[in-house]
Amino acid sequence: MRTDDTAGAVPSLLGHPLLTRMTRIGRRLRRADRDHPWLLDTAVVAVIVLLFGVTEFVHPDDGRPGDGPPITFAALPVAATLALQAGLVLPLLWRRRAPYAAFAVISAVFLLQWALGAFLRADVALLVALYSVTLHGRVRYLPWACAAAAGLLVPVAVRVSAVVSVWGALFFLVSTATAAVALGFAVRIRRAQLVNLRDRALRLEIERDQRSKLAAATERTRVAREMHDIIGHNLSVIITLADGGAYAAEVTPERSREALRLVGEAGRQALGELRRMLGVLREQATAPELHPQPRIADIEALCGRLGAAGPEVVYRSGGELESLDHGVQLMAYRIVQEALTNSLKHAGPGTRIQVALTVEGAQLRIHVHDTGRPGGTGEPSPGEGHGLAGMKERAALYGGTVTAGPEPGGGWSVRAVLDVTPVSGGPA
């Protein structure tokens, strides 16, 4: 119960109006310090002068022992007092730009002052200089500065030994100097943490932008691949049917009408798939009449549509294909679709195409082979075009490979091997 109350108190404290106002003021002060760094240095000097320098003349006896054994301090002229105060306070103006130089000057004036036997409240400038050295100076020189400060405090402890023991005075003075160093370290570490957090936030922002660009490039590639499959395949079928229909119009008008009907079906299928793709790109949450993605079961209908364009297509399958992951089935359908499109494009409508899909262990094997152009004229190589590159990219998503090339007995073959091991998530 106590832990829950403490955890609940922290958010309420963070959202307190006073803390919010102080945070806002701190931001404004840091912004003003970045724009005009001399303002803060001048303000520090002015505060020390008002609190410790002016009071030296207004209340000259305050802070000096009254009762008990007397401590004799030298009474300096006003000009000498002002000169020593200036030597102690004015070097703080460059305490951030040259902290060790400021510390050295203040230490020298401090040593001169106590050598003269004088007491000045402006000696607090030595602690401010030690704090500035810890915060702004190089850390490797800090032990020397601390040793010098400890050495400077020994004469002070000896001087006040009439009132308090030397070890007691030295313990108090060294503790005060240690507090100044510890405060400087705390502020320095905090600033380093803030710098690291800003750098990390900047790196995360850059990485986020890079991930967004990579995701956009990946999505563009996927969309281009889908559009190529949809448009390329259906247009190849439509063009072949249209050419065949134009030739048959003069010989067998019935075949011409059948070709036109098949052209309409192919066009409607292409239009439906394009609408589905555009609906996904527009990020419509409720897209009406969206057909499911093609699967292996649709390959038989795909072969039938292509066979209507002229080629003889023989399709056979083996294994439990319907139990495969939906992403694997889509990959297989697209690879077969692209291979059939290339066969129709390069081998012509008179070729004979064999399509085989089999599941062997954890692998799905796809083999599409055509006999080439009739008459043994051979089939021109499609080369490494967008279609073959798209098939290889699709297969790579599932740890598979695609090989394509001419067969020794003639024709062209496309072989693909996909890893059908179940994975968490995959292309939709």
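Begin by selecting residues 38-59, 71-94, 100-120, 141-158 and 164-187, which an unreviewed UniProt entry annotates as "transmembrane region". The coordinates on display are those of a predicted model, so the annotation comes from the record and the geometry from the prediction.

Next, restrict the selection to residues 100-120. This span is 76% helix and 0% strand, and its end C-alpha atoms are 22 Å apart. Then move to residues 141-158, where helix accounts for 94% and strand for 0%; here the end C-alpha atoms lie 27 Å apart.

Now select helix α7, residues 124-136. From its first C-alpha to its last, this helix of 13 residues reaches 18 Å, close to the 18 Å expected at 1.5 Å a residue. How many of the 13 residues of α7 are buried? The number is 10, so the helix is largely enclosed by the rest of the structure. To display them, pick A125, L126, V128, A129, L130, Y131, S132, V133, T134 and L135.

Finally, colour the protein chain by pLDDT. The average is 77, and 77% of the residues score at least 70. Confidence is highest in strand β3 (residues 363-370), at a mean of 91, and lowest in helix α1 (residues 2-14), at a mean of 50. Within residues 6-10 the pLDDT is below 50, and this stretch has 0 contacts in the model beyond near neighbours in sequence. Select residues 378-383 last: pLDDT stays under 50 there as well, yet the model has 14 contacts for these residues beyond four places in sequence.

Notes:
Residues are numbered from 1 along each chain as its sequence is written. This is a predicted model: local features need pLDDT of at least 70, side-chain atom pairs count only at pLDDT 80 or more; totals for chains, interfaces and linings use all residues. Side-chain values use heavy atoms; hydrogens and water are left out. Helices (H or I, at least four residues) and strands (E, at least two) are DSSP runs, numbered from the N terminus. The expected span of a helix is 1.5 Å times one less than its number of residues. Buried means under 20% relative accessible area, exposed over 50%, partly exposed in between (1.4 Å probe, protein chains only). pLDDT is the predictor's confidence in each residue, from 0 to 100. Contact means heavy atoms within 4.5 Å. UniProt positions are given in the numbering used here, feature names are shortened, and annotations may be inferred rather than shown by experiment.
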